Each structure stands twice: as structure tokens, then as C-alpha cells.
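This report describes some helices and strands of one protein model. The sequence and structure come before the details.

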Amino acid sequence: MIPRRRFLRQLATCSLGWGLGACASGRYLRASGSGGRVVIVGGGYGGATAARYLKRMNPDLTVTLIEPQDAYLSCPGSNETIAGLGDGEALVRSYDWLQQELDIRKVTAKVARLERSRRQVVLQDGAEVPYDRLVLSPGIDFRWDAIEGYDEAASRIAPHAWKAGPQTALLARQIRSMPDGGLVLITAPPNPYRCPPGPYERASLIACYLKKHKPRSKVLILDAKTRFSKQPAFEQAWRELYGDMVEWISSEKQGRLERVDAAARTVETEFDTFRADVLNVIPPQKAGLLADQSGLTDSSGWCPVDPLSFASVYDPAVHVIGDACQPGPMPKSAFSANSQAKVCAAAIVASLAGEPPAEPLLINHCYSFVASDQAISITGVYGYSPDERQLTIRSSGETPPHGDRRQEANHARAWQRSFRKDVFGY
Ligand SMILES: Cc1cc2nc3c(=O)[nH]c(=O)nc-3n(C[C@H](O)[C@H](O)[C@H](O)COP(=O)(O)OP(=O)(O)OC[C@H]3O[C@@H](n4cnc5c(N)ncnc54)[C@H](O)[C@@H]3O)c2cc1C
């Protein structure tokens, strides 16, 4: 029988709905005392969660988190900032709590390369950090060669705003200064990419701003896909809230996106040319550069992993989590990164104690705001399939077109607060 106090602690963790696999293993509650050095590269939602839960599952581990930024800037919530909504301050999270409360060592530096054969992480200044296990959560990078005319320099004129920070601020300024009657053009990338419903949430929230401040304007989404996440609920919300202000054009209708001229703010597809007042190009994506340069990606550009432990199929001492990995059909989201980090942490603690990983069950639950006070959501539960050696979807659901969007917005706000606390401790 599980003692009552321990049971309540276990329940408190499981009831958050995250990392069921780790809960199922029961290893949260067993500090192995085996020690070992775990280095984590990337202090985003994946990396910071892994650091916290590794230390929580085994306080004897030496956990080092390497991240170039002093504080993390969150993408979830950034679409609201672009539309002049939400609390921008809440999107910034420091690493102080993780360092002070959990004794996690934070190294503020960029990793230049991995010396996998010697199990060393090499920083940009040449310093080396040794590891027994490495967790890599470097997020995404862009395929700058995928769209003619759209490179890093062009993104400083026509922002992608798909990494939070100066790009988010630039897009927000452009929306603020565009004329009434103008066109905001968003290009949505092909799958897979960070945050599948993100472009459509962005279109909704920009429309929410325009309806109030520049009501003769339009938002046009040129999509590289023929359908998108939560489509029925998004389209219903657009009809009800914005009339014909938001228009979505599928790749079936316009064909390939062929060329971008950022200075002229034009986009050419196979069949047409569009001129925008604000141009937001969200380019095709791949795993963060470090993963690519370290030989951990396959021809898809993403990192194949063993979903039982998130160990790279190319190196069992290196685990890849978050947007950079591709464990079957899990979407690339902060929620997924957080679930994966917990499963990965439990597997590392087990492996350092000479035990096999437990079979995981992971969740993704993703909210999208369609107006300042209305949201929709989608959920997936993912289990391990031994035949496919992959995660497969066990069950899923989403807000129906006529769901209670105000209620969902309340849940979304509560989730944002508790999620940031789960990752960064406050
Ligand atoms: C507009 C937008 C809205 C979104 N909304 C949601 C949402 O509502 N819900 C949700 O679940 N998800 C949402 N997402 C997705 C979410 O932001 C990502 O899925 C999540 O951040 C992935 O976490 P990660 O740890 O893989 O990467 P990141 O959070 O990007 O963290 C990667 C970290 O690695 C660091 N790094 C990279 N290279 C190096 C290196 N060489 N050395 C050291 N450090 C390095 C970076 O500095 C960065 O801090 C949204 C995304 C966008 C763009």
C-alpha cells in the first residue's frame, strides 16, 4: 500500500495532467542517491522542465543548465502581445528560482559544439562541460533556403515572430502603425513546425485588434497546407467574430509560395502576387542548429528519438526533447516539451540507477485565443507502440465549433499561470 502522504504528493503531481509516464513510474518519489552529471542545453520549456524534474526525482544529481539568455522569453502568450493584449511582463521568466531552490547550476553561454565521443559540451569561449547524460532542447531554427527572397536579413523587414523577442516587438509595431484599410498577410508553413495552431491564433488576435482600431483592414493567411489544426472551431469563430475580415487560402487554391520581396512587401505564389501592408512570413522549420550540427538529425531535419527515454537513436547518452525531436505524431508545443521532459528525466534517473525506463503516456493540450476573452483547445494522449517503436495517438478531442469559448479562455489563463510555475517555479 502507498502511504497516505506519499499518495497525496503523487496525486498532486499527476493531477496537473502532465508527464503521466513519469507519474506512472513512481520515480518522482525515489531519490536514487546515485549521483551523476546531467547537462541540459537550452533553457526553454523543455530544458527548464527537465532540469527541475531531474533534481526533483534525484536531488543527488549534479544538474547544469546551459542557456545564453539571462531570462527566458515565452512564445506562448506572444500572439496576444502582438495584438496589444495580455501582460508582456508575464512572458519573461528568470532562472533564479531553479538556481536558488533546487541548486541547479545555470551557465549563461551558448554551446558551440558537442564532443560526443568524449562526452563534453564545448562553449563558445572554448570551456568544456563534461556529462554522463546530455539533454538537448534547442528548439527550432528556420530553413532560410526554403523560400526565395526570404532570409534572415529579410526577416528584419518582414518578421516571422516565431521566436519571441525583438521579432515579436517588430511585428507588434508594424500592426500598430499600418493604415486602416490595410492588409496583414501571414504565410503559414508546411508541417511539421512549432505550434501548429499558432498562425491561426495570431490571425484571430490581430483581427481582434483591427476590428477595434482599424476596422476596414483585412487579415489574409496564405497556407502551405490544405488543412490546419482546430480548423472547424477557428473558422466558426472567424465567421462569428470578424465576418469577412479573416480569409484563409489553402495551398490547393494558390499553389506553392514561390518568392518573397520583403522590401516591397510582396509574396508570389504559383498563380498570383499579393501586396501587404504588414507581411508576416513564418518560414519552414527544422531542429535547432546545434542538433543539426551535432549529427543528431535525419533527412527530415528533426531528431529521431526512442520515445521510451527520448534518447537519440544515434547516441544513447544524448536525449533530445521539445520542438527539436520527432517522436511520432506529437505536435511541437510547450505542453509537449514539458511532458517529454518529465518522461526523459524519469528515464535518465532510472538509467543512472541501472533500471530500464517505464512505458510512458504523454499529453498535449493546446489552447488558442480567438479573441481577447475567447479561446478554443485541442488535446491528444500519446502512448508507446512497441510494433512501430513510436508514440501513437491513444485518444484526442477538440473544442467543437459551437463550444463555450469564454469558458475555454478562463481555462487557458489558468493554464498559462500554472504551467509557467511548473517549469520555472513561479
Ligand atoms: C506564436 C507562438 C505561440 C505559441 N503558443 C503556444 C501555446 O499556447 N501553447 C504551447 O504549448 N506552445 C505554444 N507555442 C510553442 C512553444 O513555444 C514551443 O513548442 C516551445 O517553446 C518548445 O520548447 P523547446 O524547449 O523545445 O524550445 P524553446 O522554448 O525555444 O527553448 C530553446 C532554448 O534553447 C536555447 N538554445 C538554442 N541553441 C542553443 C545553444 N547552441 N546553446 C545554448 N542554448 C541554446 C535557446 O536560447 C532557447 O532558450 C507557441 C509558439 C509560438 C511561436
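## Strand 23 and its surroundings

Strand 23 (residues 374-385) is largely enclosed by the rest of the structure, because ten of its twelve residues are buried. The model described here is predicted.

Strand 23 pairs with strand 22 and also with strand 24, as the table sets out.

| Pair | Sense | Bridges | Facing residues | Residues in the hairpin |
|---|---|---|---|---|
| Strand 22 (residues 361-371) and strand 23 | antiparallel | ten bridges | isoleucine 363 and valine 381 | two residues |
| Strand 23 and strand 24 (residues 390-398) | antiparallel | eight bridges | threonine 379 and glycine 397 | four residues |

In the hairpin between strand 23 and strand 24, arginine 389 has a positive phi near 50 degrees.

## Helices

Helix 3 covers residues 45-57, which is 13 residues. From first C-alpha to last, helix 3 reaches 18 Å, close to the 18 Å expected at 1.5 Å a residue. Twelve of the 13 residues of helix 3 are buried, so this helix too is largely enclosed by the rest of the structure. Among the buried residues are Tyr45, Arg52, Tyr53, Lys55 and Met57.

Helix 8 (residues 198-213) packs against helix 9 (residues 231-242) at an angle of about 5 degrees, and their axes are 11 Å apart. The two helices are therefore roughly parallel. On the side of helix 8, the contact is made by Tyr200, Glu201, Ser204, Ala207, Cys208 and Lys211. Helix 9 meets them with Phe234, Trp238, Leu241 and Tyr242. By class, this contact has seven nonpolar, one polar and two charged residues.

How values were computed: Residues are numbered from 1 along each chain as its sequence is written. This is a predicted model: local features need pLDDT of at least 70, side-chain atom pairs count only at pLDDT 80 or more; totals for chains, interfaces and linings use all residues. Side-chain values use heavy atoms; hydrogens and water are left out. The expected span of a helix is 1.5 Å times one less than its number of residues. Buried means under 20% relative accessible area, exposed over 50%, partly exposed in between (1.4 Å probe, protein chains only). Axes are lines fitted to C-alpha atoms, for helices over the stretch in contact, and angles run from 0 to 180 degrees between N-to-C directions. Angles under 35 degrees count as roughly parallel, over 145 as roughly antiparallel, 65 to 115 as roughly perpendicular and the rest as oblique. Contact means heavy atoms within 4.5 Å. Ala, Val, Leu, Ile, Met, Phe, Trp, Tyr, Cys and Pro count as nonpolar, Asp, Glu, Lys and Arg as charged, and the others, Gly among them, as polar. Two strands pair if DSSP finds at least two bridges between them.
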